[in-house]
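Here is a friendly walk through one model, meant to be read with the viewer open. Please take a look at the structure below before going on.

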Amino acid sequence: MAGTVFLAVFGAIYEYFSHGVYSYYMIYAFAIPLIMGVVPYSFMLIKNISMPVLLINLWNSSIITYSVGSVFAGVLSIYGTTNALIFVYPVAGTVLLIATLIAASVYYI
């Protein structure tokens, strides 16, 4: 929840000082922790489901990786440049997400 609020405020402040240049990566960076973090954890809290710390840490690491990649892509887009290494963030986030699913399948079998 705190990460979602932080990214929403950070994106709003960054867009305010960007001199009219906008980036969808920056504007919607808050949606990643909202959809991947707040929604599933709220569901788990309501249904009283607990998960091992390893799974939570892997899942949170993938959320953070996607979020940082989105902010970085937004900064580059607002600045008006590109970087060849921007693809690393989605790939690393997906690897962490797959590791979470593998660890969950091993844990719950």
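## T100 in helix α5

T100 counts as buried, since its relative accessibility is 4%, and a residue is called buried when that value is under 20%. Keep in mind that this is a predicted model. T100 sits in helix α5, which covers residues 88–108. If you set aside the neighbours within four places in sequence, T100 is in contact with L55, L58 and W59.

## Helix α1 and its two faces

Let's turn to the other end of the numbering. Helix α1 runs over residues 2–16, 15 residues in total. From its first C-alpha to its last, α1 reaches 21 Å, close to the 21 Å expected at 1.5 Å a residue.

Which residues of α1 are buried? They are T4, L7, G11 and E15. These residues lie on the same side of α1, because they cover an arc of only 65 degrees around the axis. What do the buried residues of α1 pack against? Their partners are α2 (24–27), α3 (31–47) and α4 (53–79). On the face turned away from the buried side, you will find the exposed residues A2, F6 and Y16.

## The largest nonpolar core

L7, one of the buried residues of α1, also belongs to the largest nonpolar core. That core has five residues, the others being M26, A29, V71 and I78. In soluble globular proteins, nonpolar side chains tend to be buried together.

A29 is a handy residue to select here. Leaving out neighbours within four places in sequence, A29 is in contact with L7, S67, S70 and V71. Among these contacts, L7 and V71 are members of the core.

## G3 and the largest pocket

G3 is found in helix α1. Is G3 buried, partly exposed or exposed? With a relative accessible area of 36%, G3 is partly exposed, because that class falls between the 20% limit for buried and the 50% limit for exposed. The C-alpha atoms of G3 and G37 are 9.1 Å apart, although 34 residues separate the two along the chain.

The largest pocket holds about 240 Å³ of space. Its lining is made of 13 residues, and those closest to the pocket centre are G3, T4, P33, I63 and I64. The elements that contribute two or more residues to this lining are α1, α3 and α4. Of these, α4 gives the largest share, with five residues. T4 thus appears twice in this tour: as a buried residue of α1, and among the residues closest to the pocket centre.

Conventions:
Residues numbered from 1 in each chain as written. Predicted model: local features only at pLDDT ≥ 70, side-chain atom pairs only at ≥ 80, totals over all residues. Heavy atoms only, no water. Core = buried A, V, L, I, M, F, W, Y, C linked by side-chain atoms within 4.5 Å. Buried < 20%, exposed > 50% of the residue type's maximum accessible area, 1.4 Å probe, protein only. Contact = heavy atoms within 4.5 Å. Helix = DSSP H or I, 4+ residues; strand = E, 2+ residues; numbered from the N terminus. Expected span 1.5 Å × (residues − 1). Arc of directions from axis to C-beta. 1 Å grid on protein atoms, 1.4 Å probe; cavity = no way out; pocket = protein on both sides within 12 Å on 5 of 7 lines; lining within 4 Å. Points joined across faces, edges and corners; volume = space filled by probe spheres on them.
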